[in-house]
Amino acid sequence: MIDLQVQDKTHDEARQGEALILDTPVKADARKLYIESYGCAMNFADSEIVASILSETGFETTGDYHQADVIFINTCSIRENAETRVRNRLSQFGVEKRRNPKLIVGVLGCMAERLKSKFLEEERLVDVVVGPDAYRDLPNLIEQVESGHKAVNVLLSREETYADISPVRLNSNGITAFISITRGCNNMCSFCVVPFTRGRERSRDAHSIVEEAKALFEAGYREVTLLGQNVDSYTWTSEDGTETVNFAQLLEQTALVSPDLRVRFSTSHPKDITDEVLYTIAKYDNICNYIHLPVQSGNTRILELMNRTYTREWYINRIDAIRNIIPGCAISTDIIAGFCTETEEEHQETLSMMDYVQYDFAYNFTYSERPGTLAARKLEDDIPEEVKKRRLAEILAKQQAHSLMRLQEWVGKTIRVLIEGTSKKSDLDYCGRGDSGAMAIFPAIEGVKPGDYANVYIEKCTSATLIGKIV
């Protein structure tokens, strides 16, 4: 997979296995929580919710699991390699548990719901198994373990949105933050486990979302990303039925918090993204001109097998609408190479879709059968691995060329960049993103600091980064 450094990509490889730490004063008697996260941005946002819940019961976070009283690993079931990483990590935690028998080890998130029996019965080092809708129950579950019992709660909820919990911001740069707006998913894509591990879709109270955005802005944050498995299907209705808010209206309400608060969102679904949303993006300068619109395949028959509920023609219609309503809008996507029964001609249609759209970024994978999905039950994973890898290589090569082409379009232009911090390679350089989400690197100058917006003249680029100077 090409790492193109866009902030809200589905799986940020640089963050996989990250230990999340809350910067608070250390108390000598505080219990220590070590929480490690894998998977998508939703999982990292959930880890912040977990830390917030447990901080109310006296826990402090630590970046060293050897010091922890409780270790949680927040898991993902989307791809096989994520599960492999988690199992290897649990083995390492098992060594520490043998050294410290009082240590509590727990598995959170999507794998917890799907593999609860295996974790409790086969891998005996796991004491707690908690699904994505049961995090409020963690203090009670920890007490159960301390009294000598295994603890599990993987019940899915039709109501839980954690709307009233203000997440602590773990490992935050103090400038960008995620806000979850929905939980679960109603789309039954045949390759995906999310509806089974995160449950049915429910939308969070719109007022709580806007209030969280306001609080973040007042705390100095300058960019929020609205998160959901399918943000375009967001619909919240008040309990008395007098108010209904759709995603376009929520976008507008968030943008109106302040013109200096930049708004992003992820992920859109081609069947649900509306012209109303596109016109809202076009209306407000602080809503970023960037849309992540997963295509998965460029062939209608494969899309039908995937149960994506749109055709190649429908997807192209949505691309054309984006180009017409928001000229210059950056578009990224997800593509699966080698889905069940995919022919060479159908693979070529995916490549031709890439040529039509010329995506700014793409997150590309070979098909990995996930147990429990419709595809695993009904379809044969019949494409040889060497064919999958060759098709993926062709997709990656094409995307590399398109990404470079898109970045070259910025050379010689001045863009407004939100400075996120210093460059990984040099403290003398700042890094930040323009409207499109592309990372820019430029020399730091006196009087300009992280959290500020700066006009950056782009002098050149690599295949993944813009390089320029503040003007």
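User: Happy to look at this one together. How many residues does helix 14 have, and what distance does helix 14 reach from its first C-alpha to its last?

Analyst: Glad to help, and please keep in mind that this is a predicted model. Helix 14 covers residues 385-408, which gives 24 residues. At 1.5 Å a residue the expected span is 34 Å, and the helix comes close to that, reaching 34 Å.

User: Which elements do the buried residues of helix 14 pack against?

Analyst: The buried positions of this helix include L392, I395, L396, Q399 and H402. An α-helix has 3.6 residues a turn, so residues three or four places apart point the same way. The partners of the buried residues are helix 11 (312-325), strand 16 (330-337), helix 12 (344-357), strand 17 (361-366), strand 21 (453-461) and strand 22 (465-470).

User: Is helix 12 roughly parallel or roughly antiparallel to helix 14?

Analyst: Two packed helices are described by the angle between their axes and the distance between the axes. Here the axes of helix 12 and helix 14 come within 10 Å and cross at roughly 10°. Angles under 35 degrees count as roughly parallel. That makes the arrangement of helix 12 and helix 14 roughly parallel.

User: In the contact of helix 12 with helix 14, how many residues are nonpolar, polar and charged?

Analyst: From helix 12 the contact takes in residues including E344, H347, L351 and D355. Helix 14 brings residues including R391, E394, I395 and K398. The residues of this contact divide into four nonpolar, five polar and seven charged.

User: Where is S332, and which residues does S332 touch beyond four places away in sequence?

Analyst: S332 sits in strand 16. Its relative accessible area is 0%, so S332 is buried. Leaving out residues up to four places away in sequence, S332 touches Y290, I291, H292, L293, Y359, F361 and Y363.

User: Is P259 buried or exposed, and how far is P259 from I287 in space, C-alpha to C-alpha?

Analyst: P259 is in the loop between helix 8 (247-255) and strand 14 (262-266). With a relative accessible area of 64%, over the 50% cut-off, P259 is therefore exposed. P259 and I287 are 28 residues apart in sequence, and their C-alpha to C-alpha distance is 9.1 Å.

User: And L256, how far is L256 from I287 in space?

Analyst: L256 is found in the loop between helix 8 and strand 14. L256 counts as exposed because its relative accessibility is 55%. L256 and I287 are 31 residues apart in sequence, with a C-alpha to C-alpha distance of 9.9 Å.

User: Which peptide bond is cis, with omega near 10°?

Analyst: Most residues other than glycine have a negative phi, and most peptide bonds are trans. T267 lies in the loop between strand 14 and helix 9 (275-283). The cis bond, with omega near 10°, runs from S266 to T267.

User: What is the phi of N307, and what is the phi of T341?

Analyst: N307 lies in the loop between helix 10 (300-305) and helix 11, and T341 is in the loop between strand 16 and helix 12. N307 counts as partly exposed at 32% relative accessibility, and T341 is partly exposed at 29%. Both have a positive phi in a residue other than glycine: near 60° for N307 and near 70° for T341.

User: What is the mean pLDDT of the protein?

Analyst: Residues at 70 or more make up 87% of the protein. The mean pLDDT is 87.

Notes:
Residues are numbered from 1 along each chain as its sequence is written. This is a predicted model: local features need pLDDT of at least 70, side-chain atom pairs count only at pLDDT 80 or more; totals for chains, interfaces and linings use all residues. Side-chain values use heavy atoms; hydrogens and water are left out. pLDDT is the predictor's confidence in each residue, from 0 to 100. Helices (H or I, at least four residues) and strands (E, at least two) are DSSP runs, numbered from the N terminus. The expected span of a helix is 1.5 Å times one less than its number of residues. Buried means under 20% relative accessible area, exposed over 50%, partly exposed in between (1.4 Å probe, protein chains only). Contact means heavy atoms within 4.5 Å. Axes are lines fitted to C-alpha atoms, for helices over the stretch in contact, and angles run from 0 to 180 degrees between N-to-C directions. Angles under 35 degrees count as roughly parallel, over 145 as roughly antiparallel, 65 to 115 as roughly perpendicular and the rest as oblique. Ala, Val, Leu, Ile, Met, Phe, Trp, Tyr, Cys and Pro count as nonpolar, Asp, Glu, Lys and Arg as charged, and the others, Gly among them, as polar.
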